[in-house]
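Reader: Please walk me through this model. I would like short answers on its core, its sheet and one loop residue.

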Amino acid sequence: MLNDELEEYTENELKQESAKKLFYKKLAIKAGIFCGMLTVFFGILITAAYFGRKSWRTGLRIEIEKVFAQNSFTEYSVGENVKLNSTLAVNCSVYKAESVEKKDFDAYALIIRMPTLYGPVGSVYVYETKKSQAQFIGFAQIKGAINQSVQNAALNSQVKYWGQKIPKIIATADREGKNEKK
């Protein structure tokens with residue numbers, strides 16, 4: 001009788017352990033599938049960001065050229081992208097500004113994301129290396145009365161702040177000619 005009870009007890013324990021192992025096996029499979037899906041998703045996201053950099057930079061260059069044209073700024077044309085060795089590269093893009101009159105390069109065109117009352121707006125500056133402050137040209141993608149309103153609200157504080165920060169930003173630029181062309 002004792003042996004029968006012992007056999008029933010061990011059979012119940014074996015069934016419970018078997019059920020637990022099956023449960024954890026199914027859980028591990030589900031977790032593995034979920035992790036695999038996350039890996040594929042982030043892989044696609046990173047690949048898209050990597051291959052979209054060139055078109056993103058081209059779009060920013062075109063925006064700077066539009067601001068130059070809207071504000072009748074014809075002293076410089078926008079050249080190639082200059083890589084920044086700084087965390088500011090997320091909010092700022094720097095390009096060589098090629099002088100129409102001179103053949104040598106001594107200026108940069110920048111587009112910086114600036115927070116305003118209307119949300120983040122791209123502000124365009126030109127920085128000549130011989131000066132201590134950048135020249136504000138205008139805002140990208142804003143026209144008409146809103147443009148004037150944003151300029152009036154931001155001109156004294158933020159525009160001046162970023163104008164004074166630009167020499168430090170340019171100091172982090174890759175000056176060795178290793179500009180990123182991707």
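Reader: Which residues have the most contacts inside the largest nonpolar core?
Author: A nonpolar core is a set of buried Ala, Val, Leu, Ile, Met, Phe, Trp, Tyr and Cys residues joined through side-chain atoms within 4.5 Å. Buried means under 20% relative accessible area, exposed over 50%, partly exposed in between (1.4 Å probe, protein chains only). The largest such core has 21 residues, and those with the most contacts inside it are Val94, Leu110, Ile112, Tyr125, Ile166 and Ile169.

Reader: How far can I lean on the model, and how is it numbered?
Author: This is a predicted model: local features need pLDDT of at least 70, side-chain atom pairs count only at pLDDT 80 or more, and totals for chains, interfaces and linings use all residues. Side-chain values use heavy atoms, with hydrogens and water left out, and residues are numbered from 1 along each chain as its sequence is written.

Reader: Which element gives the largest share of this core?
Author: Helices (H or I, at least four residues) and strands (E, at least two) are DSSP runs, numbered from the N terminus. Two or more core residues come from each of β2 (92-99), β3 (107-116), β4 (119-128), β5 (135-139) and α2 (144-171). The largest share, five residues, is from α2.

Reader: Which residues of α2 (144-171) does Ile112 touch?
Author: Contact means heavy atoms within 4.5 Å. Residues up to four places away in sequence are not counted. Ile112 touches Asn91, Cys92, Val121, Gly122, Ser123 and Tyr125. In α2 (144-171), it touches Trp162, Ile166 and Ile169.

Reader: In what order do the five strands lie in the open sheet?
Author: Two strands pair if DSSP finds at least two bridges between them. Six bridges join β2 to β3, and ten join β3 to β4. The pairing in the sheet is antiparallel, and the order is β1-β2-β3-β4-β5.

Reader: Which are the edge strands?
Author: An edge strand here pairs on one side only. That holds for β1 and β5.

Reader: Which residue of β3 stands opposite Val94?
Author: β2 and β3 run antiparallel. β3 is mostly covered, with eight of its ten residues buried. Opposite Val94 stands Leu110.

Reader: Is Leu88 buried or partly exposed, and at what relative accessible area?
Author: Leu88 is in the loop between β1 (76-82) and β2. Leaving aside neighbours within four places in sequence, Leu88 is in contact with Trp162 and Ile169. Leu88 is partly exposed, because its relative accessible area is 26%.
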